[in-house]
Amino acid sequence: MSSSPPLSGRVALVTGATRGIGRAAALALSAAGAHVIAVGRTQGALEDLDDEARAVGGEPVTLVPLDLTNGDGIDALGLEIFKRHGRLDILVHAAGILSGLRPVAHIPPKLWDTLLATNITAAYRLIRSLEPLLRASDASRAIFITAGAAARPTAFWGSFAATKAAVEALVRSWADETDSSSIRAILLDPGPVRTKLRAEAYPGEDVSTLTSPSALGPLFVELAGTADPGPPDQVVSFTSWAASGRSAAAPGTP
Ligand SMILES: NC(=O)c1ccc[n+]([C@@H]2O[C@H](COP(=O)([O-])OP(=O)(O)OC[C@H]3O[C@@H](n4cnc5c(N)ncnc54)[C@H](OP(=O)(O)O)[C@@H]3O)[C@@H](O)[C@H]2O)c1
């Protein structure tokens with residue numbers, strides 16, 4: 001008798017699902033039996049995601065074309081999830097932008113505002129809209145993607161590093177507030193991953209040395225499960241996790 005997939009019946013929301021790390025998370029969660037609600041701005045890429053999820057035997061994906069700088073849109077999404085599912089078991093917030101590297105004094109004010117809106121304010125608006133739904137789950141997991149630059153900012157990375165450090169502070173505060181609830185917040189550092197964002201930071205880099213987004217899939221499934229991940233004072237490192245031998249696919253796997 002075949003056993004049901006590990007995340008069967010779980011409801012997951014994945015942002016940044018049109019490409020890169022978020023897309024890999026959406027595919028892995030769908031293949032593990034979760035019903036994935038996928039958010040991104042690019043409609044065609046969302047449709048491709050649904051096609052691929054079904055092709056590999058995963059659950060059909062609910063597609064939500066949404067710009068996450070639209071806070072009212074995030075509130076409407078939360079209401080819609082409440083109407084359809086009454087709860088949310090898994091959040092993977094992978095949407096994010098780099099918007100180039102430059103000295104802090106050279107950051108154009110408009111770009112700064114866009115970075116904050118996309119990388120910080122969207123995280124706050126998601127928490128604000130989704131906390132009641134996550135509380136309604138018996139064991140919800142909210143995974144936020146951070147980066148090494150948050151703890152180790154270097155020249156020209158100021159704007160990106162500042163937004164990631166802010167997200168870490170926000171998520172740790174929220175985790176403390178929700179400590180006695182069913183919610184467990186998780187900060188995940190994926191390390192260097194072969195994506196559009198990485199290519200923007202390091203054009204011309206030998207991409208064969210980078211982690212494939214799909215290599216992160218098993219870690220997302222593990223973190224989304226009901227095992228207690230512990231307090232988020234430690235950032236979960238994909239590099240350490242892969243080195244521990246629990247990764248199904250090694251870095252560089254297509
Ligand atoms: N790649 C790395 O080496 C690395 C390392 C450390 C941390 N990270 C973090 O990992 C996360 C994912 O990055 P990635 O490397 O996978 O980047 P990516 O391939 O460029 O993907 C970024 C995703 O964010 C979405 N997005 C951007 N702005 C949005 C907006 N305003 N509204 C809705 N969606 C938006 C994009 O979708 P649309 O354009 O379709 O909207 C896309 O799906 C980011 O938070 C990044 O900082 C990446």
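## A tour from the ligand outwards

Start by selecting the ligand and its surroundings: 27 residues lie around it, and G20, R41, G96, T195 and L197 come nearest. Two elements, α1 (20–31) and α6 (196–201), each give two or more residues to this shell. Colour the shell by class and you should get 12 nonpolar, 10 polar and five charged residues. Keep in mind while you click around that this is a predicted model.

**Next stop: α1**

Select 20–31, which is α1. G20, one of the residues that come nearest to the ligand, belongs to this helix and is buried. End to end, the 12 residues of α1 reach 17 Å from the first C-alpha to the last, close to the 16 Å expected at 1.5 Å a residue.

Is α1 mostly covered or not? Mostly covered: 11 of its 12 residues are buried. To see them, pick G20, I21, G22, R23, A24, A25, A26, L27, A28, L29 and S30. Then step just past the end of α1 to G33, where phi is positive, at about 100°.

**Into the core**

Stay with two residues of that helix, A25 and L29. Together with A12 and V14, they have the most contacts inside the largest nonpolar core, a set of 61 residues. Now centre the view on L29. Which residues is L29 in contact with, leaving aside its neighbours within four places in sequence? Show L7, A12, V14, A34, V36, I90, F220, V221 and A224. I90 is the one to follow from here, since it leads on to the sheet.

**Across the sheet**

Switch to a cartoon view and pick out the seven strands. They form an open sheet with parallel pairing, running in the order β3-β2-β1-β4-β5-β6-β7. At the edges are β3 (62–65) and β7 (236–237); each has a single partner strand, so one side of each has no neighbour in the sheet.

Zoom in on β4 (residues 90–93) and β5 (residues 140–145), a parallel pair held over four bridges. I90, the contact of L29, stands opposite R141 in β5. Further along, H93 has F144 of β5 as its bridge partner.

**Last stop: both faces of β5**

Select β5 by itself. Six of its six residues are buried, so this strand is largely enclosed by the rest of the structure. Rotate to check each face: S140, A142 and F144 sit on one side, R141, I143 and I145 on the other, and both faces are covered.

Note on methods: Residues numbered from 1 in each chain as written. Predicted model: local features only at pLDDT ≥ 70, side-chain atom pairs only at ≥ 80, totals over all residues. Near = placed C-beta within 6 Å. Nonpolar A, V, L, I, M, F, W, Y, C, P; charged D, E, K, R; others polar. Expected span 1.5 Å × (residues − 1). Buried ≥ 20, exposed ≤ 12 C-beta atoms within 10 Å, placed from the backbone. Core = buried A, V, L, I, M, F, W, Y, C linked by C-beta atoms within 7 Å. Contact = placed C-beta atoms within 7 Å. Pairing = 2+ DSSP bridges.
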